[in-house]
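Reader: I'm new to this one, and I'd like to know what stands behind the labels people use. Can we go through a few together?

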Amino acid sequence: MTPALLVPSLALKYLLVVSAPWFAGAAAVGFLSGRQSAENATRRAREARQEAAVARLLAQNQALAARLEGLQAEARSQADVTQDAATGPAPPPGKPDSTKTSFLKRILQANLDLRDSSPDTSQEPLNNG
Amino acid sequence: MANIYHAGIDLGTSRSSIATSTGKRLTVASCVGYCKDLIARKRFGRDYLLGAEALAHRLALDLEWPLADGVIREDERSMQATRLILRHLIAQTVPERQAGDALYAAIGVPAQASLRSKKILLEAARPLVDKLLIVSEPFAVAYALNRFDECLIVDIGAGTTDLCRMHGSFAEDEDQVTLITAGNFLDAELTKGILKKYPEVQLSPQIVKLIKEKYGYVYDVAEPVKVILTSHGIPGEYDLTEILHNACLELTRPISKAIQALVGSFDPDFQEALRNNILIAGGGSRLKGIDRAIEKSLQAYGGGRASCVNDAEFCGCMGALNMCEDMPDDYWEQL
């Protein structure tokens, strides 16, 4: 076999054994990295959209909280006015309940009367509340 | 430094309860059993037994129910028995009380208890407490529930049923009613009904009470109540469904009538509110369906709504305890 005939055969073998897989590998890597970077871009865009949505919801929430606080303050002031008009101002916190104090005073009085009453005239019922 | 303890006490015909500022609560049967003879005394190592223990050994004891009439009976023995019950309740729930410590208590009595019976109670409790308030039982219930607005308290005890009309201010005489139609009346009706249908059956007050507490009901639909009783010592199953139902209805009729009397004599603008806020307390509130039975019996008078309190056993003494704790110091000083 002459060397002139061997050269194309070697070149072909080299092309088939070495270059073709390298090219195929390079193409695959290129394809995958392209796809990855496309996915990354999509994810970043989605994250940006989500962050924007969260910021928007946060702002709305703060606005609603402020509005609720305003409404509660308004309701409180209206209730105070109604109560003042109907029953006088509510007792300050920490003070004893005036209804209970009034009952207790009457119970005390009934018990003092009981102690003062004569045992001989005691068939009548005594109201203790 | 001396401590001040508070106690709310419900001295009941059948059971007595206490709730104290130490957080402890206790209920005992309101009975004292004195040893019949030396043999019994040697057996128990004491002169008397109290509550459930006395009931369990009643054959060897002379049982005393000092509050059988709803209030303390007017004899020395009943006074002494009441003191023993009170001493036991206090000792069990305020064990940390030392000499020098003070105990301020409130004791519930029937709404229309006489002045005399209240004075006897004061006398009985004097050696055991430093300051004492006597309060109406249904009012104590209202205080426990924090219900001072338009409502009607029905406290069904063993000796009495007490009704109290609340209207945001102090309840006066005309706002309160005491009926003797209560738990003991039901026991008597039940005994009568059973013996009428089964004359040979052997009953004791404890057996009747157990039947009532376990099966007592007042609504129209119920499971058959079949109980094992003895006749000449031979056990047998007896159907008490109808008897129990009729006896329980005998209890609710006069209560509904009294409710209507209190509603009917109230300010017409508030009658509906009163009729629709009926709160049932006391041992009788445990009868199954009593709220519905009272509602049903009120239909003839224009209807109404009734409900039972959650803590029937301690509601009254919790109210009395709350009163003690809310009472200002200068009020106590006046007693």
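Author: Sure, and let's start with how helix angles are read. Axes are lines fitted to C-alpha atoms, for helices over the stretch in contact, and angles run from 0 to 180 degrees between N-to-C directions. Keep in mind that this is a predicted model.

Reader: Then why are α5(B) and α11(B) called roughly perpendicular?

Author: Helix α5 (residues 137–145) of chain B packs against helix α11 (residues 315–326) of chain B at about 75°, with the axes 7 Å apart. Angles of 65 to 115 degrees count as roughly perpendicular, so the label fits α5(B) and α11(B).

Reader: Which residues of α5(B) meet α11(B)?

Author: On the α5(B) side, they include B:F139, B:V141 and B:Y143, while B:M318, B:A320 and B:D326 are among those in α11(B). By class, that contact has 10 nonpolar, three polar and one charged residue.

Reader: What makes B:R77 and B:E64 a salt bridge?

Author: The closest N and O atoms of B:R77 and B:E64 are 3.0 Å apart. The cut-off is within 4 Å, for a side-chain nitrogen of Lys or Arg and a carboxyl oxygen of Asp or Glu, so the pair qualifies. The bridge links distant parts of the chain: B:R77 sits in helix α3 and B:E64 in strand β6, 13 residues apart. Over all chains, the rule gives 15 salt bridges.

Reader: How many salt bridges cross the interface of chain A and chain B?

Author: Two. B:E172 pairs with A:R106, with 3.1 Å between the closest N and O atoms, and that also falls within 4 Å.

Reader: How much area do chain A and chain B bury between them?

Author: About 2,800 Å², 63% of it on carbon and sulfur atoms. Chain A brings 25 residues to the contact and chain B brings 34.

Key. Residues are numbered from 1 along each chain as its sequence is written. Chains are lettered from A and ligands numbered from 1 in the order in which they are written. This is a predicted model: local features need pLDDT of at least 70, side-chain atom pairs count only at pLDDT 80 or more; totals for chains, interfaces and linings use all residues. Side-chain values use heavy atoms; hydrogens and water are left out. Contact means heavy atoms within 4.5 Å. Buried area is the accessible area (1.4 Å probe) that two parts lose on being put together, summed over both. Helices (H or I, at least four residues) and strands (E, at least two) are DSSP runs, numbered from the N terminus. Angles under 35 degrees count as roughly parallel, over 145 as roughly antiparallel, 65 to 115 as roughly perpendicular and the rest as oblique. Ala, Val, Leu, Ile, Met, Phe, Trp, Tyr, Cys and Pro count as nonpolar, Asp, Glu, Lys and Arg as charged, and the others, Gly among them, as polar.
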